[in-house]
Every structure is written in structure tokens, then in C-alpha cells.
Amino acid sequence: MNYTLHQLHIFSIVAHKKSITKASEVLYMTQPAVSIQLKQLQDQIGLPLFEFIGKQMHLTEAGEKLIECYNDLSGSLERLETEMDSLKGMKTGSLSVSVVSTGKYFMPYILGQFRLKYPQIKIKLEVTNRLLVKNHLMENITDFGVYSVPDQSFKTENLGFLDNPLVLIAPPNSPYKKAKSFKDLNGAPFIMREIGSGTRLVLEDVFEQNSITPEIVMELATTEAVKQAVMAGFGISLVSKYAIRQEIKTKALTVLELKDLDLKTQWSLLWVAGKQLSPAARAFKDFLVQKQFQLEEL
Ligand code: PGA
């Protein structure tokens, strides 16, 4: 039989998602590209792997058997890679980390310092949203995820490695600069992150705790977009202090100093419970445990 590991991997994601569209998002491939690979695999196997009942995709008996064998195979391949990396004494190996939006303001600095220590390890950093970080962990596409607000919907092990102070930001000429406490922000225009964002969860909690009814003027999917909208004068928002280091220096943004605001979460490294970490991944975890990195003071 003449099929590839890549085709088997695509098949496993489609089988898990029960949808070519959803699988293509996870795989960063187009739908036709996924369909072509599946068709080639199916032609090689010589049996249909999927069937449709109504609009719902199901695995055939051959598909079920194939996924079973693929799971065994991918476990063995993972062990093989780990063993080979150990034999090479960590001279090579790769590390992949998927972080949520705000992670892009500190993770490259941490990974850069890790690379100075282990120059041969190939590093891949994916900056995305919480849902995709979770998917990457569940599909075993990444070694680690990084969140600040924990996601209780699936079981992970985690290591807190960095405090995450959160601040309210406004444009420099904002009338809310004079606000002293939360109640002075009642009715203020707020820019929210997308549903699912950890920062949004914290802000919603703050509204509730302080009985604030904000005017939500827009909802944006990244911290960078939020910063731009605040600088453009559309409203106030909550961001990690790591995200605004430059804007504070250049005075492009103001931090609202409220006496009743002291918000802090913690950045954590997550991995699927029970996952066997590769030597490169273990080295990165130890690097964080031993706090072998330094970040500019906030
Ligand atoms: P985000 O990250 O709000 O940038 O998505 C914070 C988190 O997930 O905890």
C-alpha cells in the first residue's frame, strides 16, 4: 500500500472532527486539499472510510479499524522520536507552543532566551485564540499551550510561570482619565475581546462585581486590534500590561489608575495530562520551572 503518514494524520483529524471543513481549519489546509488527500488514501486502502447518514459524516467499519491502527502507530512514532532525541542528547529536537493572542507580547522573548541555551532545537510558536490552542492540544499538534485564565473544559497539567497584571487602557485625551473608581466608568464605552477570550472573561467578571453596565461599542478578536481601537479613541478596554509596554513609553495610551482595580492572572504552560513530553519539551518546561528567563520590568 502506498499512502503517507501525512494522509493518515489528515484522516485522523477528519475522523475526529467528523467534518472536512472543521478539519481543514485545524490543519491549515484548504477543503479541496483535504478531500484530495482523503480520496488518495481511500483509493489506496480500496474501501470507503466514511459514509454519510443524512448530512452527518460517520466512519465505516474500515474507517474505525484504520483509526484504531493509526492511534497505535502515532503513539509508537511519538515514542520513536522521543527515544531518538534522547540518544542525540538533545542536540536536535523540536518544540512547539500554541499561545493565546496576548502571548505574542512575551513568548517570543522567552523562547528567544531558551534558544540561546539550546540553539539546535527547532522552535515553532503559534499565536492564535483559546479555542484553537485547545484544539492543538487535543489533536496533539503542539507540545504546549499557554493560557492565563484556566479552561476547565478539558484535563491538562499546568505550570504557572509568569504573573499577568491586567490594566484598563484609554486614549491619552480620554475624559475617563479622571475616573477614581469603577463606579465612575458606569456607561463608559468599552471595547471587548471576542467570546472565549480569557481577558474578556476577567472583564465581564469585573463588570458584574462592580455592578457596571458598560456600553459595548465593539468586539475585536485580538489584543492588537483592541489597542488600535482604543488609540483611535473608540473606547476603553482591559489588556495585559505586557501588551502595552511600547505605548506606555510613547504615551500613545493611558492606564486608568482606579483605586479599586488590582487585577492579576497568571500565565500557565499547559500540556495534555499523561502526555509523554519529548526531551526538547521537557527542557523547556524545566527552563520555565527554574525561571531561566528574564523579561523587562513592567
Ligand atoms: P486572551 O488570553 O484574552 O488573549 O485570549 C488570555 C487567556 O486565554 O487566558
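A charge sits over a ring if NZ of Lys or CZ of Arg is within 6 Å of the ring centre and within 35 degrees of the ring normal. Keep that rule at hand for the first exercise.

The model is predicted, so local features need pLDDT of at least 70 and side-chain atom pairs count only at pLDDT 80 or more, while totals for chains, interfaces and linings use all residues. Residues are numbered from 1 along each chain as its sequence is written, and side-chain values use heavy atoms, leaving out hydrogens and water.

**Exercise 1. Charges over rings**

Find which residue lies over the face of Tyr147, and which over the face of Tyr109.

Solution.
- Over Tyr147 lies Arg130, at 4.5 Å from the ring centre.
- Over Tyr109 lies Arg245, at 5.1 Å from the ring centre.

**Exercise 2. Helix H3**

Compare the expected span of helix H3 with the distance between its end C-alpha atoms, then work out how its buried residues are arranged.

Solution.
- Helices (H or I, at least four residues) and strands (E, at least two) are DSSP runs, numbered from the N terminus.
- The expected span is 1.5 Å times one less than the number of residues.
- H3 has 15 residues (31-45), so 21 Å is expected; the end C-alpha atoms are 21 Å apart, which agrees.
- Val34, Gln37, Leu38, Leu41 and Ile45 are the buried residues of H3 (buried: under 20% relative accessible area; exposed: over 50%; partly exposed in between; 1.4 Å probe, protein chains only).
- They cover an arc of only 100° around the axis, so they sit on the same side of H3; the arc is taken from the directions from the helix axis to the C-beta atoms.
- Pro32, Lys39 and Asp43 are exposed on the other side of H3.
- Gly46, with a positive phi near 85°, follows H3.

**Exercise 3. Aromatic pairs**

Classify the pair formed by Phe114 and Phe284, and say which parts of the chain the pair links.

Solution.
- Rings of Phe, Tyr and Trp (its six-membered ring) pair if their centres lie within 6.5 Å; planes under 30 degrees apart are stacked, over 60 edge-to-face, and the rest tilted.
- The structure holds 13 aromatic pairs.
- For Phe114 and Phe284, the centres are 5.1 Å apart and the planes at 75°, so the pair is edge-to-face.
- Phe114 is in helix H5 (residues 107-117) and Phe284 in helix H10 (residues 279-289), so the pair links distant parts of the chain, 170 residues apart.
- Phe114 is buried, with a relative accessible area of 0%, and Phe284 also counts as buried at 0%.
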